[in-house]
Amino acid sequence: VYKRQPSIHAALLAYASDFTITAAAYHPLDIGPMSPGVQVASLDHAMWLHEPFRIDDWIYAVHDSPVLKGSRALGRALFYARDGRLVASAVQEGLMRRWEAPGPSA
């Protein structure tokens with residue numbers, strides 16, 4: 001399947017990685033993406049494909065987040081194949097903030 005449709009593997013990695021790239025930014029905070037009153041959103045997501053890979057095989061992802069300011073986080077990820085080849089890189093900007101729904105008007 002891969003030799004005929006490598007774009008499927010790339011599309012699946014892009015889809016699967018969209019939620020996790022900025023996850024490293026949560027570590028210094030006392031919140032997570034599923035915490036009550038927290039609003040998160042992917043603002044942009046770019047990916048570079050360096051070599052062919054199979055998404056149905058082992059993929060090792062290394063994440064970091066060099067900055068979290070003004071409710072925006074920058075996340076980076078490197079994706080490695082089982083044999084140690086760097087197969088893809090990604091960068092994402094995400095929104096992370098506490099958010100309370102407006103209450104009823106008095």
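These legends describe close-up views of a predicted model.

**View 1. The largest nonpolar core has nine residues.** L13, I21 and F53 belong to this core. So do A77, F79, A81, V87, A88 and A90. Two strands, β3 (72-81) and β4 (86-98), each supply at least two of the core residues. In soluble globular proteins, nonpolar side chains tend to be buried together.

**View 2. A second nonpolar core lies apart from the largest one.** This other core has six residues. Among them are A25, V38, A73 and M96.

**View 3. V87 and its contacts, leaving out residues up to four places away in sequence.** V87 is one of the residues of the largest nonpolar core. V87 touches W48, L49, H50, E51, P52 and F53. Contacts also include I59, F79, Y80 and A81. Of these partners, F53, F79 and A81 are listed in the largest core with V87.

**View 4. S71 in the loop between β2 (59-69) and β3.** S71 is not a glycine, yet its phi is positive, near 70 degrees. The relative accessibility of S71 is 28%. Buried means under 20% and exposed over 50%, so S71 counts as partly exposed.

**View 5. A16 in helix α1 (residues 6-17).** A16 has a relative accessible area of 49%. Exposed means over 50%, so A16 is still classed as partly exposed. A16 and I55 are 39 residues apart along the chain. Their C-alpha atoms are separated by 9.9 Å.

Conventions
Residues are numbered from 1 along each chain as its sequence is written. This is a predicted model: local features need pLDDT of at least 70, side-chain atom pairs count only at pLDDT 80 or more; totals for chains, interfaces and linings use all residues. Side-chain values use heavy atoms; hydrogens and water are left out. A nonpolar core is a set of buried Ala, Val, Leu, Ile, Met, Phe, Trp, Tyr and Cys residues joined through side-chain atoms within 4.5 Å. Buried means under 20% relative accessible area, exposed over 50%, partly exposed in between (1.4 Å probe, protein chains only). Helices (H or I, at least four residues) and strands (E, at least two) are DSSP runs, numbered from the N terminus. Contact means heavy atoms within 4.5 Å.
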